[in-house]
Amino acid sequence: MTEAVKDLIDIGFRYYQLRRMNIRCAVDNTKSRGIPERPGFENEGIIRGAEKIYDTYNDHVIYGLLHP
């Protein structure tokens, strides 16, 4: 998965000339949180109540990466 994210970063910045990229994942999901952390995304904060799964609202952490 990390290699796929690195490829998407390259495509986004090089071919689509994006200025920034965001990845969101559940606060409690440590494996998913590692995906943006490894290629250098920065933790930009928590979005409370971002997703409803069954009867529970879950918070998301948002990661951002600016074009170098």
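**Entry 1: Arg20 and its partner strand**

I started at arginine 20 and looked for the residue across from it. Arginine 20 stands opposite leucine 66 in E3. The model is a predicted one, and I read it as such. I then checked how the two strands run. E1 and E3, the latter covering residues 56–66, pair in the antiparallel sense. I found 7 bridges for this pair.

**Entry 2: the other pairing**

Next I looked up the pairing of E2 with E3. E2 and E3 also form an antiparallel pair, over 8 bridges. Here glutamate 51 stands opposite asparagine 58 in E3. I followed the chain through the hairpin of E2 and E3. The hairpin has 2 residues between the strands. Tyrosine 54 takes a positive phi there, near 55°.

**Entry 3: the whole sheet**

What is the strand order of the sheet? I read E1-E3-E2 in an open sheet of 3 strands, with antiparallel pairing. Which strands stand at the edges? They are E1 (20–26) and E2 (42–53). Each has a single partner strand, so one side of each is left without a neighbour in the sheet. I also noted the twist, which averages 30° from one strand to the next. A reminder to myself: strands of a sheet pair through backbone hydrogen bonds, either parallel or antiparallel.

**Entry 4: the helix**

I turned to helix H1, residues 2–14. What does H1 lie across? H1 lies across E1 and E3. H1 runs at about 150° to E1.

Leucine 8 has its place in this helix. Is leucine 8 buried or exposed? Its relative accessible area is 55%, and the cut-off for exposed is over 50%. Therefore leucine 8 counts as exposed.

I looked for a surface patch around leucine 8. Leu8, Ile11, Tyr15, Tyr16 and Leu18 make a nonpolar surface patch. I noted its area as about 560 Å².

**Entry 5: Asp59**

My last stop was aspartate 59, which is found in strand E3. Its relative accessibility is 32%, so aspartate 59 counts as partly exposed. That value falls between the buried limit of under 20% and the exposed limit of over 50%.

Which residues does aspartate 59 touch, leaving out those up to four places away in sequence? I listed Cys25, Ala26 and Val27 among them. The list also includes Ile46, Ile47, Arg48, Gly49 and Ala50.

Finally I checked aspartate 59 against leucine 18, one of the patch residues. Aspartate 59 and leucine 18 are 41 residues apart in sequence. In space they are 26 Å apart, C-alpha to C-alpha.

How values were computed:
Residues are numbered from 1 along each chain as its sequence is written. This is a predicted model: local features need pLDDT of at least 70, side-chain atom pairs count only at pLDDT 80 or more; totals for chains, interfaces and linings use all residues. Side-chain values use heavy atoms; hydrogens and water are left out. Two strands pair if DSSP finds at least two bridges between them. Helices (H or I, at least four residues) and strands (E, at least two) are DSSP runs, numbered from the N terminus. Axes are lines fitted to C-alpha atoms, for helices over the stretch in contact, and angles run from 0 to 180 degrees between N-to-C directions. Contact means heavy atoms within 4.5 Å. Patches are made of residues with over 30% relative accessible area and no salt bridge: like charges are joined within 9 Å, nonpolar side chains (Val, Leu, Ile, Met, Phe, Trp, Tyr) within 5 Å. Accessible areas come from the Shrake-Rupley method with a 1.4 Å probe; for residues, only the protein chains shown count as cover. A salt bridge is a side-chain nitrogen of Lys or Arg within 4 Å of a carboxyl oxygen of Asp or Glu. Buried means under 20% relative accessible area, exposed over 50%, partly exposed in between (1.4 Å probe, protein chains only).
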